[in-house]
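User: Please take a close look at one part of this protein, the open sheet. I would like to know how its strands are arranged and what lies around them.

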Amino acid sequence: MSAQHREVMSLDLPDNAKRFFTDIWGIKKLYPPQSDAMPAVLSGSNTLLAIPTASGKSLVAYIAILRKLLVDDIGSKAVYIVPLKALASEKYEELKELGDHLGLKIGLGIGDSVREVANTDTCDILVCTSEKLDSIMRSNSDVVANVSIVIADEFHLMNDSSRGPTLEINLTRLRYLRPESQLVALSATVGNCKELAEWLDATLIQSDWRPVALEYSTFHDLHIEPRMVQSSQIGEEIAKLNPPRDIEGPKSHPAGAIIIDSLAQDGQLLVFVGTRRSAQSEARNLAKRVKKVLAKQDPERLAKLQELAAKLSRNTQSTMGESLCESISGGVAFHHAGLTHTQRKEVESAFKQGLLVALTATPTLAAGVNLPARRVLVRDIKRWDDGMSRPLPVMEMRQMLGRAGRPRYDDFGEAWILCKGTDGWELADEVSDKYFFGPIEDITSKLASEPAMRMHLLSMITSGGMQHRSSIFDFFKATFLGHCISSGVLEERLDKMLKWLIDERFIRKDGIDEHFSVSHDIKQQSDEGSDLETDMPAWAKIADSTGGVEFKFETESYSEQSYVNRSSAHTGATLGFSNAADLRSVGGWEADQSTDNLAMKYEATIMGERVTQFYLDPLSASILRHGLRRAIRRLVRDNAPVTDFGLLHLATATPDFSSLWAKSKDMAQGSPLWVKTNSVEDELLHDSSYEERLLGYVKSSWMLEMWMDENTLREIEATLEVTPGDVNYRVDIISWLMSGAQAILMADDVFSEEHMEHISKLSTQIDIIKQRVRHGCKKDLLQLVNLRSIGRRRARELAALGYRSVKSLAAMDQKEISTLSSKRGWGPKIVDNLLIEVGKYIKRENADKGNLKFPKSDKNLNSEQLRDDDVPLDGEN
């Protein structure tokens, strides 16, 4: 421990920064792990800080940022990467308070608003998700041109298959673009911390120290067995285990016994369960017990809870929302992805304020917002994953248990695991050995997965400045994947994916770059390498000018694997899934059998550029393109329908859409979903050979169709058992996918000029679907819902009064205005704002509309002809 860095006022920071920490945030001394990190952090070294939850990782990051921006590199920029939008908002609020006092502008990058884009360009500290940062660097890498420090929060989530690859690519790309910038990674303890620190060229600061002592216990048959203490004491003053004890209550409901015990000690309880349904049912059962106790012991608190429940119930539009209000009125809430944004915020706020006694949640909460409690109970140690019930990973379990013990509020925390079964004693020992004393899993790179590899490989060729085979391999060798596997295996995987991207016409070979090849030879023979400068990508120029960085080139050539003609995954019968690299191109080029050497140059096609710009998985783009070609052929021949449902189904069939799953009852012959699927069979533009997957796609499309037809969230929930949060999430995704589909349609080059009328018609249809999905309304309301503050409910009320267009609203006389103002839910202020928006709309209505542009042809179509709408049209390339 670095004693000289224990006192905040002794840190080498500006006085106003130190006074902010001591006077505003009340932090006068650093925790031991924070103090240990100061020498590396303040010297500008890369640092990997692997310490438990609530041990002060964020403060270390803030100190590192202030040192860079206010002392070492004044005028530079900091990037703070987080995995989730909710966590980004939380960090943004903390940094904004800090920035307001120190004259630093904070930007937030989690969406696509115009205001947000402006902030990302001009801010001093950018807080963003990995996906948003990736998108920013794709479109405008100049945003990170003066970055001096990068913070990677929740770094251990690089192990996550969905978010991990993007974080890994971002860190690698930032290290190439800004090799002199400092990197601070904040992580929970993982198995291979040393290997990760080696990859990052970072100083490793690792500790089990916690500010609040945490006692780990097993719980079975109402018996608490303390097993281990993670202490805040240093040296020999290690906290002792509490003696085992039994608690009172029903054995049939262990969580109920625990919450009564927690109430008796005036503590809050977090209960982690395996599923959303379990979270709701457990919350409902616990609320009944808590309500009885509060009615006798704390009626004032119960009254406040009922006020909160009444407030939420006013905007509740679903059975799930009613269940939440009922639970809250009893002092317990549930938290999962099915909640709306408003519901989540209210629940989190009530728990932080100490109003709620308990919160039941799925494990995703452990990786999200900061919601600590005195006591944590993990009720379910298994969950359904990949077709079977699997034990939770140790890393994930430690994250959940680490929520116990609130700094500045509790002297200690209690982390309990419920051990179910006939032999609770034996199971408790096994659980203890695995989760308390067992090793934590290693972080492994998820970049090798096909979705991640194809998406980021295309991105680096399109917008990353890496067009030569040598540059591509060098970059991916610098990733954690490249750090962990052999060069030969990495090159084989990259070659396989390059071949697929070429076959799908997202990239093309531009031939051997002789100048680039000569530069390689020159670089091998001498250290001068002046000729390399002209063809170097931007990141390489920066890196090459940095001391200690050396580029090595080879002239060895690599041969591609022979092309194997495989049946299309779009049409061939398969069980489960097919590898993307094994798909036969739909309208792609024949594989080039020539050998690629290191100087082979690749470039993105127009289609590849659009895919990257819209942040699509290339396989999603391939599926959309194939289905849209079928739609055009149907329109030209007029021999099959092209419906809104068919286009929705096409988008839901892409890997970028999070499809709903068909339940067992849905798969029964004669079920509503089964009937719906058969009724729309001729409308579908995508083939699904796997019945369960087909039903899931149809269910997703049906949900979106109901939303567009103005069904209420309650009606959607009753029909399809889909919660409001899930509807809102998928509405956002489908709006984005429809925009991507339009771009793909216009970038496709297989049709001739004579088909342009039908392309324009299909593009307009997609645009209308996009607007209807966004607003959740029928076509006749689109003008009205595009007015600010007019949602689908108010728009339908206006339509019922005879106002179906903006012009009709503009023509209202004073009597009509007064009548509308007097209606329930309106009022003079709302109507005045409506008329202002009407005036703005009329001024804009004559704005120029973009003309459709027909792309130049890339190459001839070579597709398998299996359906009528797969047969090329006359004049189709």
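Analyst: In this predicted model, seven strands form an open sheet with parallel pairing, in the order β3-β4-β2-β5-β6-β1-β7. Two of these strands, β3 (106-109) and β7, are the edges, since each pairs on one side only. From one strand to the next, the twist averages 15°.

Helix α3 (residues 57-72) packs on this sheet. The strands it touches are β1, β2 (77-82), β4 (125-129), β5 (147-152) and β6. The direction of α3 makes about 175° with that of β5.

Strand β1 (residues 47-50) can be followed residue by residue. In the strand order, β1 stands between β6 and β7. On the β6 side, four bridges join β1 to β6 (residues 182-187), and the two strands run parallel. Within this pair, alanine 50 of β1 stands opposite serine 187 in β6. On the other side, β1 pairs with β7 (residues 203-206), again in the parallel sense and over four bridges. Here leucine 48 has leucine 204 of β7 as its bridge partner.

The two faces of β1 are a separate matter from its two neighbours. Thr47 and Leu49 point to one side, while Leu48 and Ala50 point to the other. All four residues are buried, so both faces of the strand are covered; buried here means under 20% relative accessible area.

Beyond the sheet, the next topic is how nonpolar residues gather in the model. The largest nonpolar core has 102 residues, and Phe155, Leu171, Ile328, Met397 and Leu401 are those with the most contacts inside it. Helix α10 (residues 276-297) gives the most to this core, namely seven residues. Another core lies apart from it and has 83 residues, including Leu616, Phe645, Leu720 and Ile734.

Leucine 401 serves as an example of contacts in the largest core. Leaving aside neighbours within four places in sequence, leucine 401 is in contact with Leu214, Tyr216, Val376, Val378, Ala415, Trp416, Ile417 and Phe436.

Helix α3 also has a part in a pocket. The second largest pocket holds about 1,500 Å³ of space. It is lined by 45 residues, of which Glu90, Lys91, Glu94, Asn370 and Arg408 are the closest to its centre. The elements that give two or more residues to this lining are α3, α4 (85-102) and α13 (341-352). Among the elements, α4 gives the most, with eight residues. Helix α3 is thus a link between two parts of this account: it packs on the sheet, and it also gives residues to the pocket lining.

Definitions and conventions: Residues are numbered from 1 along each chain as its sequence is written. This is a predicted model: local features need pLDDT of at least 70, side-chain atom pairs count only at pLDDT 80 or more; totals for chains, interfaces and linings use all residues. Side-chain values use heavy atoms; hydrogens and water are left out. A nonpolar core is a set of buried Ala, Val, Leu, Ile, Met, Phe, Trp, Tyr and Cys residues joined through side-chain atoms within 4.5 Å. Buried means under 20% relative accessible area, exposed over 50%, partly exposed in between (1.4 Å probe, protein chains only). Contact means heavy atoms within 4.5 Å. Two strands pair if DSSP finds at least two bridges between them. Axes are lines fitted to C-alpha atoms, for helices over the stretch in contact, and angles run from 0 to 180 degrees between N-to-C directions. On a 1 Å grid over the protein atoms alone, a cavity is a set of points where a 1.4 Å probe fits but cannot get out, and a pocket is an open set with protein on both sides within 12 Å along at least five of seven lines; lining residues have an atom within 4 Å of a point. Grid points are joined across faces, edges and corners, and a volume is the space filled by probe spheres set on the points.
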